[in-house]
Amino acid sequence: MNKAETSQSPIPIRDDGLQLEEQRGFQERFWTVERWAWMIFGLILLLALAGLGGGGGFLAHTKAEMEAGEVEYPRIARWESSDEVTVTFGQPGEEHRLTLSPQFSQFFQIEDIQPLPERSLATPAGEVMVFRSDNRAPAKVVLHMRSQRPGIARYDISLDGGSPVNVTTVVLP
């Protein structure tokens, strides 16, 4: 072996006096990528806190207004977790009807309804629930439900026989 093969080139001394072997260009690119990763993870955390992860937060629920009232439903739900649909009938009446299209039952199972409907009907338009009221407005009904599978659930809701409103709930796995 000759001397040239065994010796290494000396490490240069930097302007600040340190003698370090570094790849400055690679290190600066790595720091830039690291900062972008921190910002992306911070943004994901903020969106999850706002409700895009399902469960809570102001983005997780939305409201659909109709002639006969309004329905507050989950915009984003989690698979196999409980959630609520709150129906408020705005018109006075002794009887109120809530119609859920058949697509609703493909994604959700109703666990409980408060108050319980007086009767329930299976129609081509879907399940119709009839509630008794004391003829004062507003009358409120809460459906406790559990999502059965992940995906995008599109279903119609109708109040008191009015025109149905199409709503969408994203069910996250």
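Helices and strands here are DSSP runs, with at least four residues for a helix and at least two for a strand, numbered from the N terminus. Keep in mind that you're looking at a predicted model.

**Exercise 1. Find the strand that holds Gly69, then work out whether Gly69 is buried or exposed.**

Step 1: Look along the chain for strand 2, which covers residues 69-74; that's where Gly69 sits.

Step 2: Recall the cut-off: buried means under 20% relative accessible area, and exposed means over 50%.

Step 3: Gly69 has a relative accessibility of 14%, so Gly69 counts as buried.

Step 4: Now see what touches it. Skipping neighbours within four places in sequence, Gly69 is in contact with Ala64, Thr88, Phe89, Gly90 and Leu159.

Step 5: For a partner from farther along the chain, try Ser158: 89 residues separate it from Gly69 in sequence, yet their C-alpha atoms are 9.6 Å apart.

**Exercise 2. Do the same for Thr86: which strand is it in, and which residues does it contact?**

Step 1: Thr86 belongs to strand 4, residues 82-89.

Step 2: Its relative accessible area is 15%, so Thr86 is buried.

Step 3: Leaving out neighbours within four places, Thr86 contacts Glu70, Val71, Glu72, Lys140, Val141 and Val142.

Step 4: Pick Glu70 from that list and check the spacing: the C-alpha atoms of Thr86 and Glu70 are 8.3 Å apart, with the two residues 16 positions apart along the chain.

**Exercise 3. Describe the stretch that UniProt labels "transmembrane region".**

Step 1: The label comes from an unreviewed UniProt entry and covers residues 36-60.

Step 2: In the model, residues 36-60 are 68% helix and 0% strand.

Step 3: From end to end, the C-alpha atoms of this stretch are 27 Å apart.

**Exercise 4. Step back and work out how the whole chain is laid out.**

Step 1: Count the elements: there are 3 helices and 11 strands.

Step 2: Read them in order from the N terminus. Two helices are followed by five strands, then comes a helix, and six strands finish the run.

Step 3: The radius of gyration is 29 Å, well over the 16 Å that the globule rule gives for 173 residues, so the chain is more spread out than a compact globule.

Step 4: Along the principal axes, the C-alpha atoms fill a box of roughly 100 × 35 × 25 Å.

Step 5: Finish with burial and contacts. Buried residues make up 29% of the 173, and among contacts with a separation of 6 or more, 59% link residues 24 or more positions apart.

Note on methods:
Residues are numbered from 1 along each chain as its sequence is written. This is a predicted model: local features need pLDDT of at least 70, side-chain atom pairs count only at pLDDT 80 or more; totals for chains, interfaces and linings use all residues. Side-chain values use heavy atoms; hydrogens and water are left out. The radius of gyration is taken over C-alpha atoms; the globule rule is 2.2 Å times the number of residues to the power 0.38. Buried means under 20% relative accessible area, exposed over 50%, partly exposed in between (1.4 Å probe, protein chains only). Contact means heavy atoms within 4.5 Å. UniProt positions are given in the numbering used here, feature names are shortened, and annotations may be inferred rather than shown by experiment.
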